[in-house]
Amino acid sequence: MTTHFITAEIDLTESPKALQEAIATELENRGQPLRWAITKVDTNRPIAHVEAVVTTGDHPGQPQ
């Protein structure tokens with residue numbers, strides 16, 4: 001198992017629930033999320049900047 005620090009940009013949506021689902025989907029594409037946080041919101045573009053720690057490797061179906 002390997003841990004990675006990643007960053008992602010997520011389009012802001014109208015609903016907080018949809019935003020949380022978009023973040024979860026993006027992080028799960030990169031590995032198994034351990035923790036994440038929205039660290040910045042760009043008000044000029046509707047973008048949330050997310051930082052996360054994910055693990056990859058020994059989990060079936062996870063990216064190597």
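1. Threonine 56 sits in strand S3, which covers residues 47-56. The model is a predicted one, and in it threonine 56 has a relative accessibility of 7%. The residue therefore counts as buried, being under the 20% cut-off. Its side chain is in polar contact with the side chain of histidine 4, at 3.0 Å.

2. Which residue is the bridge partner of threonine 2 in S3? That partner is threonine 56. Threonine 56 thus deserves a look from two sides: a bridge to threonine 2 and a side-chain contact to histidine 4.

3. The sheet as a whole is open and has 3 strands, ordered S1-S3-S2, with antiparallel pairing. Strand S1 (2-11) and S2 are its edge strands, and each of these pairs on one side only. From one strand to the next, the twist averages 20°.

4. The pairing of S1 with S3 is antiparallel and runs over 10 bridges. Two of the residue pairs can be checked directly: aspartate 11 has isoleucine 47 as its bridge partner in S3, and threonine 2 has threonine 56.

5. On the other side, S2 pairs with S3 over 9 bridges, again in the antiparallel sense. Glutamine 32 has threonine 55 of S3 as its bridge partner. How many residues lie between S2 and S3 in their hairpin? There are 4.

6. Is S3 mostly covered or mostly open? It is mostly covered, since 9 of its 10 residues are buried, that is, under 20% relative accessible area. Threonine 56, at 7%, is a buried residue of this strand. As a general point, side chains in a regular strand alternate between the two faces of the sheet.

7. Arginine 30 belongs to helix H1. It is partly exposed, with a relative accessibility of 32%. A polar atom of the arginine 30 side chain lies 3.0 Å from the backbone oxygen of threonine 7. Arginine 30 and threonine 56 are 26 residues apart along the chain, and their C-alpha atoms are separated by 7.8 Å.

8. Alanine 24 is also placed in helix H1, which spans residues 16-30. Its relative accessibility is 30%, so it counts as partly exposed, a class that lies between 20% and 50%. From alanine 24 to tryptophan 36 the C-alpha distance is 9.3 Å, with 12 residues of separation in sequence.

9. Tryptophan 36 comes up again at the surface. Leu12, Trp36, Ile38 and Val41 form a nonpolar patch there, and together they have about 320 Å² of accessible area. Isoleucine 38, a member of this patch, is located in strand S2, residues 32-42.

10. Why can isoleucine 38 be a patch member? Its relative accessible area is 37%, and patches are made of residues with over 30%, so isoleucine 38 passes that cut-off. At 37% it is partly exposed. The strand that holds isoleucine 38, S2, is one of the edge strands and pairs on one side only.

Notes
Residues numbered from 1 in each chain as written. Predicted model: local features only at pLDDT ≥ 70, side-chain atom pairs only at ≥ 80, totals over all residues. Heavy atoms only, no water. Patch = residues over 30% accessible without salt bridge, like charges linked within 9 Å, V, L, I, M, F, W, Y side chains within 5 Å. Areas by Shrake-Rupley, 256 points an atom, 1.4 Å probe, with all protein chains shown as cover. Salt bridge = Lys/Arg side-chain N within 4 Å of Asp/Glu carboxyl O. Buried < 20%, exposed > 50% of the residue type's maximum accessible area, 1.4 Å probe, protein only. Polar contact = N/O pair within 3.5 Å; in protein donor to acceptor, adjacent residues only side chain to side chain. Pairing = 2+ DSSP bridges. Axes fitted to C-alpha atoms, helices over the stretch in contact; angles between N-to-C directions.
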